Structures are given as structure tokens and as C-alpha cells.
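Open the model in a viewer and keep the sequence panel beside it. The stops below are given in the order in which to select them.

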Amino acid sequence: MIRVVFVCLGNICRSPMAEAVFRHLVKERGYDKKIQVDSAGTSNWHINKRPHIGTLDKLEKYNISSENIVARQFRKDDGEAFDYIVAMDQSNYDNIVSVLGSDACSHVFKLLDLTEVTNKDVPDPYYSGDFEETYELVLEGSERLLEKIIKEQQL
Ligand code: 4NP
């Protein structure tokens, strides 16, 4: 099993959106027996909470399931439990490096590093209010991520 975790700050806006969108793509393309998807936040602020209503509304709009998604905090043992650790922005990336130590971060990267967009940080809709912009970027990054995994893991 290949394990992927998306990481943001609160685990209520961006990373649960990415978890749901990426799981949807994985299932749609028939890789759901091979790729497992999770998300986490670097903060402990929203542990056990469901995603933000803005994220839930977007997922519902695009017919993407948000079933069983609840916030949890990223922890050190996630470093070994996951094959791909995908940060939503630079500050999340830096926080992950602080938790895991820089020697244990070869499989940590930012989602939008896989895309051609200029700004490699997924904007935080908790502050911007623009969940649609975030959704479009998450979808673009998720498509690229699935291509990367299929290629690297020879699926
Ligand atoms: P997220 O957004 O990292 O995309 O889940 C945020 C959610 C909550 C807060 C900040 C960012 N907060 O300050 O509670």
C-alpha cells in the first residue's frame, strides 16, 4: 500500500479538501486498493473537528465525498508511516521539517511544486474566504501528484 498524507495548519480547510479530492481521483482511476489517503494539521487547534463549512460546500458542489474526515495533528511517526508527505504551503513544509528533522524529509514536498503555477503556496481560504480558488489549485496539484505516484511506483 502506498500512503499519502496532506498537511496544512488547521486540518480543516486545505488539507481535508486535498484528502477528499485526491481520494476521489484515486478511486475514479481505479487505484483505491493501492493508494491510501489521509490529512493532518501541524497545529492542535481543531483536533476531532469536521472540515470547515467552506470546504464541505465545495466538495458537495463537485460531488466529492467528505465522509469520515476529521482533523488530527501531524506527528513524528507520520514521517515513517507515509510515503508521500504533501505540504500545502511553505510554512506547513517548515513545520513538518521541525517535527521530523531535516534528515527525514526526502519524501516531503509542496503540492504546487508539482505544477506550473507561479505561487507554490495553496492560499488559505480560512483567511482569503476564496474556497473556489483553493479547490482549483488543489485539483490541479492532485492530478499531478497522481501522475507522479503512478510513474514512480509503476502502477
Ligand atoms: P487550514 O486553514 O490550515 O487550511 O486548515 C486554517 C484553519 C484554521 C486556522 C488557520 C488556518 N485557525 O487559525 O484556526
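Which residues does His24 touch, not counting residues up to four places away in sequence? Select His24 in this predicted model and show its contacts: Asn63 and Ile64 are the residues it touches beyond that sequence window. His24 sits in helix H1. Measure in the viewer from the C-alpha of His24 to that of Ile64; the separation is 6.4 Å, although the two are 40 residues apart along the chain. His24 counts as partly exposed because its relative accessibility is 29%, between the 20% and 50% cut-offs.

**Next: the annotated positions**

Stay on helix H1, which covers residues 14–28, and go to Arg14, which lies in that helix. Then add Cys8 and Asp124 to the selection. An unreviewed UniProt entry places the feature "active site" at Cys8, Arg14 and Asp124. These positions are spread over 117 residues of sequence, yet they cluster in space, with a largest C-alpha distance of 9.0 Å.

**Arg14**

Is Arg14 buried or exposed? Arg14 has 2% relative accessibility and therefore counts as buried, since the cut-off for buried is under 20%. Display what surrounds it. Leaving out residues up to four places away in sequence, Arg14 touches Cys8, Leu9, Met88, Asp89, Asn92, Val122, Pro123, Asp124, Pro125 and Thr134. Two of these partners deserve a distance label. A polar atom of the Arg14 side chain lies 3.2 Å from the backbone oxygen of Val122. The side chains of Arg14 and Asp124 are joined by a polar contact of 3.3 Å.

**Asp124**

Follow that second contact across to Asp124, found in the loop between strand S4 (108–110) and helix H5 (125–128). Asp124 is also buried, because its relative accessibility is 16%. With residues up to four places away in sequence set aside, Asp124 touches Cys13 and Arg14.

**The ligand**

Now select the ligand and show the residues around it. The surrounding residues are Cys8, Leu9, Gly10, Asn11, Ile12, Cys13, Arg14, Trp45, His46, Asp124, Tyr126 and Tyr127. By class, this shell has 7 nonpolar, 3 polar and 2 charged residues.

Which distances to oxygen atoms of the ligand can be labelled here?

- His46: a polar side-chain atom lies 2.8 Å from a ligand oxygen.
- Asn11: a polar backbone atom is 3.3 Å from a ligand oxygen.
- Tyr127: a polar side-chain atom lies 3.4 Å from a ligand oxygen.

Switch on the protein surface at this stop. The ligand taken alone exposes 360 Å², and the protein buries 93% of that.

**Last stop: Asn95**

Leave the ligand and select Asn95, in helix H4 (residues 90–100). Draw a line from its C-alpha to that of Leu9: the two residues are 86 apart in sequence and 8.9 Å apart in space. Leu9 was already on display, as one of the residues surrounding the ligand and as a contact of Arg14.

Which side chain makes a polar contact with the side chain of Asn95? The partner is Thr42, at 3.5 Å. Asn95 is partly exposed because its relative accessible area is 29%, a value that falls between the cut-offs of 20% for buried and 50% for exposed.

Key: Residues numbered from 1 in each chain as written. Predicted model: local features only at pLDDT ≥ 70, side-chain atom pairs only at ≥ 80, totals over all residues. Heavy atoms only, no water. UniProt positions renumbered as here; feature names shortened; annotations may be inferred. Helix = DSSP H or I, 4+ residues; strand = E, 2+ residues; numbered from the N terminus. Buried < 20%, exposed > 50% of the residue type's maximum accessible area, 1.4 Å probe, protein only. Contact = heavy atoms within 4.5 Å. Polar contact = N/O pair within 3.5 Å; in protein donor to acceptor, adjacent residues only side chain to side chain. Near = heavy atom within 4 Å. Areas by Shrake-Rupley, 256 points an atom, 1.4 Å probe, with all protein chains shown as cover. Nonpolar A, V, L, I, M, F, W, Y, C, P; charged D, E, K, R; others polar.
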